[in-house]
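Thanks for sharing this one with me. Here are my notes for someone meeting the structure for the first time, so please have it open as you read.

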Amino acid sequence: MPRLFGPRLLAAVALLSVALKAHGAQLRTPGTPLIIADGGSSCALPVNTLEAYQTAIDDGADFVTVTVAGTRDGEFIVRPSLTLGSNTNIGSLRQFNDVRRTVQLGAGRKAWGYFVSDMLLSEVQQLWATQSFPERDQSLDNKYRVPTLKQVLELVHSSNAAGKNVGVFVQILDPAYHNAANLASYTQVLAALLSSGFQDKSDFAKRVRIQSYDLKVLGSVAEQMDTLGLDPRPSLVWMIHCSKTKVSNEQLQAWSKIGGAIAPEKELLESLTFAEECGKLISPPCWKTGRFCTGKLSAPLTSSKTAKPSDLLNRAHAAGLDVYPFTFRNEGRFMAVDFTSDMQQELNYFAGPRGMGVDGIYTDCTRTTNEWLALMAASAGVSASSKVVSTASSAATAVSESATDAAASVAAAASKAASSVKAATVKTWAFGLVAGGGVFVVLTLA
């Protein structure tokens, strides 16, 4: 942990983080990046489950990513890949042994496995989700079902109705494959988004993002959105794979006339060199450069932890584009060796006060991100700020009781926090109720 934060301040942050999270408040300061939960909080739970999405929303995510695959009977489910072998228990179910096959995906790519497109929705609903990463907690395997797109969108809408403020990044997995099989198209996804409750144009622009690696696909989506009377620019995100090492100014300028953001793999913003500590070099410049880390920063971290400016980031900003690198994870093998397997150090480098200045980050690990935001808020002198979310209940009496309990809980935590950070000099702190039964807390350090 950086020495900037003393133990008493860290204790205060922890107290406030726990109390505010319990009552729906999200720890944000102006200028902090958007938090995009990649498949929900999949560090803690199996990816793309309703429970992982709920946890990410409770952790304060601004958006959740929703990757869509089409079943044989034309239904949309939410999975991280076209196949089910690494993220469900399908391999243990004998009745699906004959489903496995090899598929030609285009551009010389082949894949083998249990393809979603070969399954009926009723068959997918027999499966249990599992944790995809072997180093993560496997104890929640076989407890949660595979959700449909409709179910995830319903969860987002119900969360917003309860006082949260969360949107979706939607992506069709390998759209060319789905189009060829006539199983899923962005025309259908747009229709599903609109019918789910995103009919209001301003709400759509605020809460819906559509992402793809394919510029032609995004161009087609832009045309469809124009036809529907929707402004495509705020909603379209161009994802850039780490193998695409050259992105020209002409491409960025052209994209800025269609969409509003790029999402490069984070290695495209770093300048990495090979590090023996990472193990065998596999496929530079992708994140799979080694078994234990992705490489070494070509400009080592200074004592002030100031990030080296990123050429791609600067050029994208000059073109008027936001930049959301992906994906930030707790495990050291997904980051440069310089960060010593500490995701918060990596977040500081990309998005902290002395960081690169990215506009948002994709992460599997929303609990870590929530803690980092609390540290950012405390170091800036504010422990809960512009993004304070009310906790609400359907009944007025329940709202009143909940708000009273929340106020008492948060007030006690704030009082303890104030005592804990006297060494840092507490200037003011206050708590109160906002309309609808929500709670706000402000802790200002001199």
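The points below go from the whole chain to a few places worth a look.

1. **The chain overall.** Please keep in mind that this is a predicted model. The chain has 446 residues, and 55% of them count as buried. Its secondary structure comes to 13 helices and 15 strands. Among contacts in the chain with a separation of 6 or more, 70% are between residues 24 or more positions apart. The accessible surface is about 19,000 Å², and carbon and sulfur atoms make up 53% of that.

2. **Strand 7.** A good place to start is strand 7, residues 208-212, where 5 of 5 residues are buried. In a regular strand, side chains alternate between the two faces of the sheet. Here V208, I210 and S212 point one way, while R209 and Q211 point the other way. Both sets are buried.

3. **The neighbours of strand 7.** Which strands pair with strand 7? Strand 6 (residues 167-172) runs parallel to strand 7 and is joined to it by 3 bridges; strand 8 (residues 236-240) is also parallel to strand 7, again with 3 bridges. For a closer look, find V170, whose bridge partner in strand 7 is I210. Then find Q211, which stands opposite V237 in strand 8. Between strand 7 and strand 8 the chain passes through helix 8 (residues 215-227), and this β-α-β crossover is right-handed.

4. **Two disulfides.** How many disulfides does a search of the whole structure find? The search gives 2. In one of them, C43 pairs with C365, with the sulfur atoms 1.7 Å apart. This pair links distant parts of the chain, 322 residues apart: C43 is in the loop between strand 1 and helix 2, and C365 is in the loop between strand 13 (360-363) and helix 12. Both cysteines, C43 and C365, are buried.

5. **The other pair.** C278 and C293 are also joined by a disulfide, at 1.8 Å from S to S. The torsion about their S-S bond is about -105°, so this disulfide is left-handed. C278 and C293 both lie in the loop between strand 10 (272-273) and strand 11 (296-297), so the pair ties together parts that are 15 residues apart in sequence. Why do C278 and C293 count as buried? Buried means under 20% relative accessible area; C278 is at 2%, and C293 is at 4%.

6. **S41.** Back in the loop between strand 1 (34-37) and helix 2 (50-58), have a look at S41. Is S41 buried or exposed? With a relative accessible area of 1%, S41 is buried. Leaving aside neighbours within four places in sequence, S41 is in contact with A52, T55, A56, D59, D364 and T366.

7. **Helix 12.** One of those contacts, T366, is also among the buried residues of helix 12. The 15 residues of this helix (residues 366-380) should span 21 Å at 1.5 Å a residue, and the end C-alpha atoms are indeed 21 Å apart. Because 11 of the 15 residues are buried, helix 12 is largely enclosed by the rest of the structure. Its buried residues include W372, L373, L375 and M376, as well as N370.

Methods:
Residues are numbered from 1 along each chain as its sequence is written. This is a predicted model: local features need pLDDT of at least 70, side-chain atom pairs count only at pLDDT 80 or more; totals for chains, interfaces and linings use all residues. Side-chain values use heavy atoms; hydrogens and water are left out. Helices (H or I, at least four residues) and strands (E, at least two) are DSSP runs, numbered from the N terminus. Buried means under 20% relative accessible area, exposed over 50%, partly exposed in between (1.4 Å probe, protein chains only). Contact means heavy atoms within 4.5 Å. The expected span of a helix is 1.5 Å times one less than its number of residues. A disulfide is a pair of cysteine sulfur atoms within 2.5 Å. Accessible areas come from the Shrake-Rupley method with a 1.4 Å probe; for residues, only the protein chains shown count as cover. Two strands pair if DSSP finds at least two bridges between them. A crossover is right-handed if, with the strands pointing away from the viewer, the path from the first strand over the helix to the second runs clockwise.
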